[in-house]
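The following exercises concern a predicted model. Please work through each task before reading its solution.

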Amino acid sequence: MKILAIETSCDETAAAVTEGTEILSSVKWTQEIHNQYGGVVPALAKRAHEERIEEIINDALKRSETSVQRLGAVAVTVGPGLAIALEVGIKWARKLAADWHKPLIGINHIEGHILSALKKEVTFPCQALVISGGHTQVIRVDGIGKYEILAQSLDDDIGEALDKGARMLGLPYPGGPALEKLAAQGDPIKYKLPLPMAGREGRAFSYSGLKTAFYRLVTQLHSYPVAQFEPQEISDLAAGYQAMVFRHLVRTLKVNVQNSMFNVHDLLVGGGVAANMKLRDEIKKLSNEVSLNVHYPANLMLCTDNAAMIGVAAGFKAKRGEFTDPERIDRLPRWRVDEISS
Ligand code: KG4
Ligand code: ZN
């Protein structure tokens, strides 16, 4: 079944056409208006979604070379995310489904990230690692729609920690990719930073202490602003901070894999931070150590927010006849992945 999928949960206005796990088109527009604020401003995100969504949907349909008649359903992210941003996508999905007489499928954004890394060879139960601006979770996956959160962040999420650290170095939002580039030229052990402790038992992530320590380090080196820093100093700071952020992540992940109630053979990794090559190297080392098959989305564009992952998730739902009542579909800004009922 061909599905038109819409995603507006944060700052990407996205639409895609999928058929099962095949992506026929995937279009996204990243709202640059937030860059100057160092983070996403919900009211601006809503307005920007409203301005561009129709064009993005039409573009996705055109690129997929699919006529509306051949679509089997319309899918949309209903949560978690920014309430007023989610509303824009839901309103459009509901309208298009009604105009075209198609069923509607409401999708959990985190489930989208998880399933975007699913491959045929994966066996359940397995684990998933969702790492993005708003999520840092290790999840037990018993099957499609069956999730249990094993570990999550007590404070800042990993992408947020990277974005804030990057901002301290004068880098633009989103900071993760900028930090990755600089870190590649830097010495990760030049400066001392504390490894967060919260994950010792594997139940939690915590990034606020590391973030504060980094702020202290940066401000102590020179008086702010960072304009006075040498380029090499900035690269060393970026490398040191990124290394600690990832070390904490991988250590907590390892505890979860090793303490699992079942033998974890497969790990699905999704979310914007999964696009980081340095992190992939670290996860690879862990996978060799604990014999784990690690799966990522088919390309880097599918790690950060996109609508194709929503379409793929909806494809699994459609196969099981799990559609959403258009009269009752509503935004669920705090919808946890373990609250999905199927
Ligand atoms: O999944 P995503 O697009 O949106 C959320 O659901 O939050 O993730 C965005 C996050 C941002 O924090 C961004 O800095 C981070 O993913 N990110 C990266 C990279 N690309 C995006 N972090 C590290 N390295 C990257 N290459
Ligand atoms: Zn996301």
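Two exercises follow, one on a sheet with its helices and one on the cysteines.

**Exercise 1.** Determine the strand order of the open sheet of 5 strands, and establish which strands stand at its edges.

*Solution.*
Step 1. The order reads β3-β2-β1-β4-β5, and the pairing is mixed.
Step 2. β3 (22-30) and β5 (104-108) each have a single partner strand; one side of each therefore lacks a neighbour in the sheet, and these two strands form the edges.
Step 3. From one strand to the next, the twist averages 20°.
Step 4. Within the sheet, β1 (residues 2-7) pairs with β4 (residues 71-79) in the parallel sense, over 5 bridges. Ile6 stands opposite Val76 in β4.
Step 5. The helices are then placed. Helix α1 (residues 42-64) lies across β1, β2 (12-19), β3 and β4, and runs at about 25° to β2. Helix α2 (residues 83-100) packs on the sheet with contacts to β1, β4 and β5, its direction making about 160° with that of β4.

**Exercise 2.** Establish how many disulfides the model contains, and explain why Cys10 forms no bond with Cys303.

*Solution.*
Step 1. A disulfide is a covalent bond between the sulfur atoms of two cysteines. The cut-off applied here is a sulfur pair within 2.5 Å.
Step 2. For Cys10, the closest cysteine sulfur is in Cys303, at 16 Å, which is too far for a bond.
Step 3. Seen from Cys303, the nearest cysteine sulfur is that of Cys10, 16 Å away, and Cys303 is in no disulfide.
Step 4. The count is 0 disulfides.
Step 5. As to surroundings, Cys10 is partly exposed, with a relative accessible area of 23%, whereas Cys303 is buried, at 0%.

Methods
Residues are numbered from 1 along each chain as its sequence is written. Chains are lettered from A and ligands numbered from 1 in the order in which they are written. This is a predicted model: local features need pLDDT of at least 70, side-chain atom pairs count only at pLDDT 80 or more; totals for chains, interfaces and linings use all residues. Side-chain values use heavy atoms; hydrogens and water are left out. Two strands pair if DSSP finds at least two bridges between them. Helices (H or I, at least four residues) and strands (E, at least two) are DSSP runs, numbered from the N terminus. Axes are lines fitted to C-alpha atoms, for helices over the stretch in contact, and angles run from 0 to 180 degrees between N-to-C directions. Contact means heavy atoms within 4.5 Å. Buried means under 20% relative accessible area, exposed over 50%, partly exposed in between (1.4 Å probe, protein chains only).
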